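Colleague: Could you take me through one part of this model in detail? I'd like a close look at the salt bridges, and then at whatever surrounds them.

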Amino acid sequence: MRSAALRIILILILFGTFLSTRTFAQEPKLNVVTTAVPFLRISPDARAGSMGELSVATDADASSAYFNLGKVPFNKSVGGVNVTYTPWLKKLVNDVYLASLAGFYKLDDNSSVSAAFRYFSLGSIQLTDAFGNNLNSVNPKEYGFDLGYSRKLSDRMGLGVGLRYIYSNLAQGVSGYKAGTSVAGDIGLYYNGQSEAGQGWSFGGSLTNLGAKIGYSNNADEKDYIPANIALGTTYTRVFDESNKISFGVDLNKLMVPTPPQFHDPTTSEDTVALQKYRSRSVISSWFTSFADAPGGFSEELKEFQIASGFEYTYNNQFAVRAGYFYENKYKGNRQYFTTGVGIKYNVFELNFSYLVPSGSGVSQNPLSNTLRFSLVFNFENTTEE
């Protein structure tokens, strides 16, 4: 069984987040903010994935429920469905993936409902006993199911709220551990400042994964924070003529969970007290104190912001070329990469593809290099708003 646990830990560490603070910092400046269920931080859409994860204030589409529920009523179709498949950490393993399904439907010109489902599989793992003899195979998995309601507050502003059920069974088949569950909520606000021609600025903000801690044992003191996040973004669209337009924008993201204390010797009473204080902080308190708890003060707190930037060129509303860049400070996870992708639309169908450009080489190569995402979108017939 030890081999199964090691594989799970390896995958999560390479993803950049781990279940809790059970590991201790070896480099004084390295202090990654960690959470449980990190699959909720993987972008489940190829369009956003091709623009460096830019998503908060981009034009509304069938995947808006993932990123900003306030955008949903601004879709030009009466309804739509997005199916995405993402092979994950392909450089290291060949059976880990994220599959997602999202959809929306307009109840009228001002209100919409949405639903989404994310399924993260860690592949097949062979369990063994202490002597190396094979036992049974297991398939650790996690998933999240969302329901949302969104409404236009005016012709230009939208607000959305949603609920999410989270299930995480990482230690399947391992004695002493159980599946973890949690419930969380999302809030999204969107302002569309574009002209009738579709040119201008849009702004968005969202609070996601605001929910209870999650645990994998019966010990209440070992529950971990889920990835509560605040995102603010803006996107500008320039329309050149009826066939050509370009959009570009930037998002800022920050996890609303405590920054773990920097441990030096876990056997000391000082570090033990610091760990207990970190774990005992209430969820609601952690949302607010997470903006001022980084060791080192304000300059260290700024390092916890992630930047997503990207652009999209669209021709004749049928063909799109996209690129972007995602930045995370090297002491806070060090996810830094370029992305690119294309989109093709025909009638009510749309196919999007994204590619994470390789970076680094040899042992220092980014384990996310060559990550692919594929999205198939089906839009219902257009409304009279278009």
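Modeller: Sure. A salt bridge here is a side-chain nitrogen of Lys or Arg within 4 Å of a carboxyl oxygen of Asp or Glu. Keep in mind that this is a predicted model. By that cut-off the structure holds 16 salt bridges.

Let's start with arginine 41, whose side chain meets that of glutamate 328 at 3.8 Å, N to O. Arginine 41 sits in the loop between α1 (2-15) and α2 (46-50), and glutamate 328 in the loop between β13 (319-327) and β14 (337-346), so this pair ties together parts that are 287 residues apart in sequence. Glutamate 328 has 4% relative accessibility, and since buried means under 20%, glutamate 328 counts as buried.

Next comes arginine 373 with glutamate 53, where the closest N and O atoms are 3.7 Å apart. Arginine 373 belongs to strand β16 (residues 372-379), while glutamate 53 is in the loop between α2 and α3, so here the linked parts are 320 residues apart in sequence. Both ends are tucked away: arginine 373 is buried with a relative accessible area of 3%, and glutamate 53 is buried at 13%.

Then there's a pair with a shorter reach along the chain. Aspartate 293 and arginine 281 form a salt bridge with their closest N and O atoms 3.0 Å apart. Aspartate 293 is in the loop between α5 (283-289) and α6 (298-302) and arginine 281 in the loop between α4 (269-280) and α5, so this one ties together parts that are 12 residues apart in sequence. Aspartate 293 is buried, with a relative accessible area of 19%, and arginine 281 is buried too, at 18%. Beyond these pairs, Arg47, Asp61, Glu312, Arg322 and Glu350 are joined into one network by salt bridges that share partners.

Now back to arginine 41, which also turns up beside empty space. The structure holds eight cavities of 30 Å³ or more, and the largest has about 520 Å³ of space in it. Its lining counts 32 residues, and Leu40, Arg41, Ser43, Phe67 and Asn253 are the ones nearest the centre. The elements giving two or more residues to that lining are α3 (64-67), β9 (200-211), β10 (229-239) and β11 (244-255). As for character, the lining residues of the largest cavity divide into 15 nonpolar, nine polar and eight charged.

One more residue is worth a look, leucine 98 in strand β2 (residues 97-106). Leucine 98 has 1% relative accessibility, so leucine 98 counts as buried. Leaving aside neighbours within four places in sequence, leucine 98 is in contact with Phe39, Ile42, Pro44, Thr84, Tyr85, Thr86, Arg118, Tyr119 and Phe120. The C-alpha atoms of leucine 98 and lysine 141, 43 residues apart along the chain, are separated by 9.9 Å.

To put all this in context, the protein has six helices and 16 strands, and 51% of its 386 residues count as buried. Among contacts with a separation of 6 or more, 61% are between residues 24 or more positions apart. On the outside, the protein exposes about 17,800 Å², with carbon and sulfur atoms supplying 61% of that area.

Methods. Residues numbered from 1 in each chain as written. Predicted model: local features only at pLDDT ≥ 70, side-chain atom pairs only at ≥ 80, totals over all residues. Heavy atoms only, no water. 1 Å grid on protein atoms, 1.4 Å probe; cavity = no way out; pocket = protein on both sides within 12 Å on 5 of 7 lines; lining within 4 Å. Points joined across faces, edges and corners; volume = space filled by probe spheres on them. Helix = DSSP H or I, 4+ residues; strand = E, 2+ residues; numbered from the N terminus. Nonpolar A, V, L, I, M, F, W, Y, C, P; charged D, E, K, R; others polar. Buried < 20%, exposed > 50% of the residue type's maximum accessible area, 1.4 Å probe, protein only. Contact = heavy atoms within 4.5 Å. Areas by Shrake-Rupley, 256 points an atom, 1.4 Å probe, with all protein chains shown as cover.
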